[in-house]
Amino acid sequence: GDGRVFLHPSSINFSDGEFVSPWLVYHDKQATSKVFIRDSSMVTPYALVLFGGDISVLHERGEVRVDDWIRLAASARVGVLLKGLRGLLDCAMAAKLQDPESDISSHPAVHALHALLA
């Protein structure tokens with residue numbers, strides 16, 4: 001990897017001193033005098049688990065992993081519930097992609113996501 005990266009001075013997040021979550025997603029990365037990222041947004045651990053890469057639950061470690069490198073603390077019960085919700089969300093999104101005109105607002109995954117994040 002690139003090691004430490006910096007927010008580019010033109011980034012909207014450059015002036016933010018603190019983030020609630022240590023995770024940022026970004027669109028553009030450039031190496032000049034330092035490695036800079038632009039077009040970044042802070043994301044919560046829930047967003048990483050629910051919309052990120054492959055997830056696995058390590059019951060004995062009390063850990064959920066995203067793409068086998070992002071490690072998040074979670075009890076086995078919470079990890080299993082999040083993995084189940086992720087499966088439901090993947091199904092809802094696949095249905096929407098298959099039929100863009102379909103209304104998935106009543107899908108159980110959407111209701112569960114709303115309850116979790118509201």
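# Close-up views of a predicted model

**Figure 1. Helix H2 (residues 76-98) lies across strands E4 and E5.** The helix runs at about 160° to E4. Angles run from 0 to 180 degrees between N-to-C directions, with axes as lines fitted to C-alpha atoms, for helices over the stretch in contact. Contact means heavy atoms within 4.5 Å. Helices (H or I, at least four residues) and strands (E, at least two) are DSSP runs, numbered from the N terminus. The model is predicted: local features need pLDDT of at least 70, and side-chain atom pairs count only at pLDDT 80 or more, while totals for chains, interfaces and linings use all residues. Residues are numbered from 1 along each chain as its sequence is written, and side-chain values use heavy atoms, with hydrogens and water left out.

**Figure 2. Strands E4, E5 and E6 form an open antiparallel sheet.** The three strands stand in the order E4-E5-E6. At the edges are E4 (55-58) and E6 (70-73), each of which pairs on one side only. Neighbouring strands are turned by 25° against each other on average, direction ignored. Two strands count as paired if DSSP finds at least two bridges between them; E5 (residues 63-66) is joined to E6 by four bridges. One of the bridge partnerships links valine 66 with isoleucine 70 of E6.

**Figure 3. Glu63, Arg65 and Asp68 are linked in a network of salt bridges.** A salt bridge is a side-chain nitrogen of Lys or Arg within 4 Å of a carboxyl oxygen of Asp or Glu, and by this rule the count comes to four. Glutamate 63 meets arginine 65 at 2.7 Å, N to O. Arginine 65 also meets aspartate 68, at 3.7 Å, N to O. Buried means under 20% relative accessible area, exposed over 50%, and partly exposed in between (1.4 Å probe, protein chains only). Glutamate 63 is buried. Arginine 65 counts as buried because its relative accessible area is 9%, whereas aspartate 68, with 55%, is exposed.

**Figure 4. A salt bridge within helix H2 joins aspartate 90 and arginine 86.** The distance is 3.2 Å, N to O. The two residues are four apart in sequence, about one turn of the helix. Aspartate 90 is partly exposed, at 35% relative accessibility, and arginine 86 is buried, at 11%.

**Figure 5. The largest nonpolar core has 17 residues.** Such a core is a set of buried Ala, Val, Leu, Ile, Met, Phe, Trp, Tyr and Cys residues joined through side-chain atoms within 4.5 Å. Val49, Leu50, Val64, Val66, Ile70, Leu72 and Leu89 touch the most other members. At least two residues each come from helix H1 (45-51), E4, E5, E6, H2 and helix H3 (108-117). H2 gives the most, with four residues. Leaving aside its neighbours within four places in sequence, isoleucine 70 is in contact with Trp23, Leu48, Val64 and Arg65.

**Figure 6. The protein chain as a whole holds three helices and six strands.** From the N terminus on, these elements run β-β-β-α-β-β-β-α-α. The C-alpha trace spans about 50 × 40 × 25 Å along its principal axes. The radius of gyration, taken over C-alpha atoms, is 17 Å, against near 13 Å for a compact globule of 118 residues (2.2 Å times the number of residues to the power 0.38). Of the 118 residues, 27% count as buried.
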